[in-house]
Amino acid sequence: ITDLLDAVGNTTKAATKGFAIGSAALASFLLFSAYMDEVSAFASVSFKEVDIAIPEVFVGGLLGSMLIFLFSAWACAAVGRTAQEVVNEVRRQFIERPGIMEYKEKPDYSRCVAIVASAALREMIKPGALAIASPIVVGLVFRILGYYTGQPLLGAKVVASMLMFATVCGILMALFLNTAGGAWDNAKKYIETGALGGKGSEAHKAAVTGDTVGDPFKDTAGPSIHVLIKMLATITLVMAPVFL
């Protein structure tokens, strides 16, 4: 019964995340418009469009797209490292307290909870720093480059390109991660009902692997991108005067 409810939950959760990424996209678009208005106000020059035919601006767009993939990879890798820590802790407890396997002794659950809680904070430092630092570094580097090459507002243009490419790429990546993760989870549950050979079959082994990859997809990297694209837009807006 609970497996069926879980399967329904995965589907509805994927739909909910679709609304969430839609709201994140709208918020980012509004913040992008505010960024262009702010640049126009501070620079006293009309700033209404970004030309990606300019090589530097195109490079900024590429950096924005790559940022999404790097962030997602780091988030998924963090889940893998944390899971391995928990596995090692469980193995240690089984070795040191053999009574656990015979139901004579209770495991130390709090230790596993502590590992996961501390890792959740520790492992997101690097992806978080990437999201905060990248638009600032890119904006400053291209501002200096624009100063020496006689291209005013180059820093602001490159950051604008980076933000829009990251937003578009982030929307598609978040939808992919959320949907794929839920689909792989439900595929495993479907096989466990007896379809395609049922439990223990080769199809089930493959589905378990898919579910293992799908969990960080739908529960870590996918939802994190919602926050990432909003954060990029907010930081870009706040730091706009620095890029001029």
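**Figure 1. A nonpolar surface patch built from I52, F58, L62 and M66.** In this predicted model, these four residues form a nonpolar patch on the surface. Together I52, F58, L62 and M66 offer about 360 Å² of accessible area. L62 sits in helix α2, which spans residues 55-96. L62 has a relative accessibility of 39% and therefore counts as partly exposed. L62 also belongs to the α2 residues that meet α5, the pairing shown in the next view.

**Figure 2. Helices α2 and α5 cross.** Helix α5 covers residues 154-192. The α2 and α5 axes come within 7 Å. Their crossing angle is roughly 35°, and the crossing is right-handed. On the α2 side, the contact residues are E56, V57, G60, G61, L62, G64, S65, L67, I68, F69 and S72. On the α5 side they are L154, K157, V158, S161, M162, F165, A166, C169, G170, M173 and L177. Three glycines of α2, G60, G61 and G64, are listed in this contact set, and G170 is listed for α5.

**Figure 3. A salt bridge between D6 and K189 links α1 and α5.** The search of the whole structure finds 18 salt bridges. In one of them, the side chains of D6 and K189 meet at 2.9 Å, N to O. D6 lies in helix α1 and K189 in helix α5, so the pair ties together parts that are 183 residues apart in sequence. How exposed or buried is each partner, D6 and K189? D6 is partly exposed, at 33% relative accessibility. K189 is buried, at 10%. As background, side chains of opposite charge can pair when their charged atoms come close.

**Figure 4. D6 and K189 belong to a salt-bridge network.** The linked residues are D6, K13, K17, D185, K189, D215, K218 and D219. The acidic members are D6, D185, D215 and D219. The basic members are K13, K17, K189 and K218. Within the network, the D6 to K189 pair has its N to O distance at 2.9 Å.

**Figure 5. Salt bridges of E105 with R97 and of E102 with K104.** E105 pairs with R97, and their closest N and O atoms are 3.1 Å apart. Both partners are partly exposed: E105 at 35% relative accessibility and R97 at 25%. E102 pairs with K104, with the closest N and O atoms 3.3 Å apart. E102 is partly exposed, at 48% relative accessible area. K104 is exposed, at 67%. The cut-off for exposed is over 50%.

**Figure 6. V87 in helix α2, viewed with E105.** V87 lies in helix α2. Its relative accessible area is 33%, so V87 is partly exposed. V87 and E105 are 18 residues apart along the chain. Their C-alpha atoms are separated by 19 Å. E105 is the residue that forms a salt bridge with R97.

**Figure 7. G80 in α2, viewed with T212.** G80 has its place in helix α2. G80 is partly exposed, with a relative accessible area of 41%. What separates G80 and T212 in sequence and in space? The two are 132 residues apart in sequence. From C-alpha to C-alpha, G80 and T212 are 9.6 Å apart.

**Figure 8. Two loop residues, S44 and L153, with positive phi.** S44 has phi near 55°. This is a positive value in a residue other than glycine. S44 lies in the loop between α1 (2-43) and α2. S44 is exposed, at 65% relative accessible area. L153 has phi near 65°, also positive in a residue other than glycine. L153 lies in the loop between α4 (125-149) and α5. Is L153 buried or exposed? L153 counts as buried, at 16% relative accessibility.

**Figure 9. Surroundings of A43 in helix α1.** A43 is found in helix α1 and is partly exposed, at 25% relative accessibility. A43 touches L153 and L244, leaving aside residues up to four places away in sequence. L153 is the buried loop residue of the previous view. A43 and P152 are 109 residues apart along the chain. The C-alpha atoms of A43 and P152 are separated by 9.5 Å.

Definitions and conventions. Residues numbered from 1 in each chain as written. Predicted model: local features only at pLDDT ≥ 70, side-chain atom pairs only at ≥ 80, totals over all residues. Heavy atoms only, no water. Patch = residues over 30% accessible without salt bridge, like charges linked within 9 Å, V, L, I, M, F, W, Y side chains within 5 Å. Areas by Shrake-Rupley, 256 points an atom, 1.4 Å probe, with all protein chains shown as cover. Helix = DSSP H or I, 4+ residues; strand = E, 2+ residues; numbered from the N terminus. Buried < 20%, exposed > 50% of the residue type's maximum accessible area, 1.4 Å probe, protein only. Axes fitted to C-alpha atoms, helices over the stretch in contact; angles between N-to-C directions. Left-handed = near helix turned anticlockwise from the far one by under 90°. Contact = heavy atoms within 4.5 Å.
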